[in-house]
Amino acid sequence: MSETEYKGYIIQLRAYNLSGISGKIIKVTSSGKRIRLRERTYNFKIPLNFLNELKSYIDNYEINLTNNLDRK
């Protein structure tokens, strides 16, 4: 498992032995609560490419993440 901070969000990658890889985009609120905004899972994906995919999603679709945060 690894966590990378990017533009105020936390990107969490977790790889499972023989079971795939999952990635989450998380926002930490001012109260310290961690809110999952997006989650993707693949059977196989190179971790660096997956990290770049999630960073690209933040760059291109941050409005969707903001709207999702407002709903939660």
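These questions and answers concern the sheet, the helix and the aromatic rings of a predicted model.

Colleague: In what order do the four strands lie in the open sheet?

Modeller: The sheet is open and its pairing is antiparallel. Its edge strands, each paired on one side only, are β1 (2–6) and β4 (34–42). From one strand to the next the twist averages 20°. The order is β1-β2-β3-β4.

Colleague: Over how many bridges do β3 and β4 pair?

Modeller: Strand β3 covers residues 20–28 and runs antiparallel to β4. Within β3 and β4, G23 stands opposite R40. The number of bridges between β3 and β4 is eight.

Colleague: Which residue takes a positive phi in the hairpin of β1 and β2?

Modeller: β1 and β2 are antiparallel partners over five bridges, with T4 bridged to I11 in β2. Two residues lie between the strands of this hairpin. The positive phi is near 55° and belongs to K7.

Colleague: What angle does the direction of helix α1 make with that of β2?

Modeller: Helix α1 spans residues 47–71 and packs on the sheet. The helix touches β1, β2 (9–16), β3 and β4. Its direction and that of β2 make an angle of about 135°.

Colleague: How is the aromatic pair of Y42 and F50 classed?

Modeller: A pair of aromatic rings is described by the distance of the centres and the angle of the planes. For Y42 and F50 the centres are 5.2 Å apart and the planes make 85°. Both Y42 and F50 are buried. Planes over 60 degrees apart are given one class, so the pair of Y42 and F50 is edge-to-face.

Colleague: Why are Y57 and Y61 separated by about one helical turn?

Modeller: The rings of Y57 and Y61 form a tilted pair, with 5.2 Å between centres and 35° between planes. Y57 and Y61 both belong to helix α1. Their separation is about one helical turn because their spacing in the helix is four residues.

Colleague: Is Y61 buried or exposed, or partly exposed?

Modeller: Its partner Y57 has a relative accessible area of 15% and is buried. Y61 has a relative accessibility of 43%. Buried means under 20% and exposed means over 50%, so Y61 counts as partly exposed.

Colleague: How far is the charged end of R38 from the centre of the ring of Y57?

Modeller: The charged end of K45 sits over the ring of Y42, 4.7 Å from its centre. The charged end of R38 sits over the ring of Y57. For R38 and Y57 the distance to the ring centre is 4.0 Å.

Note on methods:
Residues numbered from 1 in each chain as written. Predicted model: local features only at pLDDT ≥ 70, side-chain atom pairs only at ≥ 80, totals over all residues. Heavy atoms only, no water. Pairing = 2+ DSSP bridges. Axes fitted to C-alpha atoms, helices over the stretch in contact; angles between N-to-C directions. Contact = heavy atoms within 4.5 Å. Phe/Tyr/Trp six-rings, centres within 6.5 Å; stacked < 30°, edge-to-face > 60°. Buried < 20%, exposed > 50% of the residue type's maximum accessible area, 1.4 Å probe, protein only. Lys NZ or Arg CZ within 6 Å of the ring centre and 35° of its normal.
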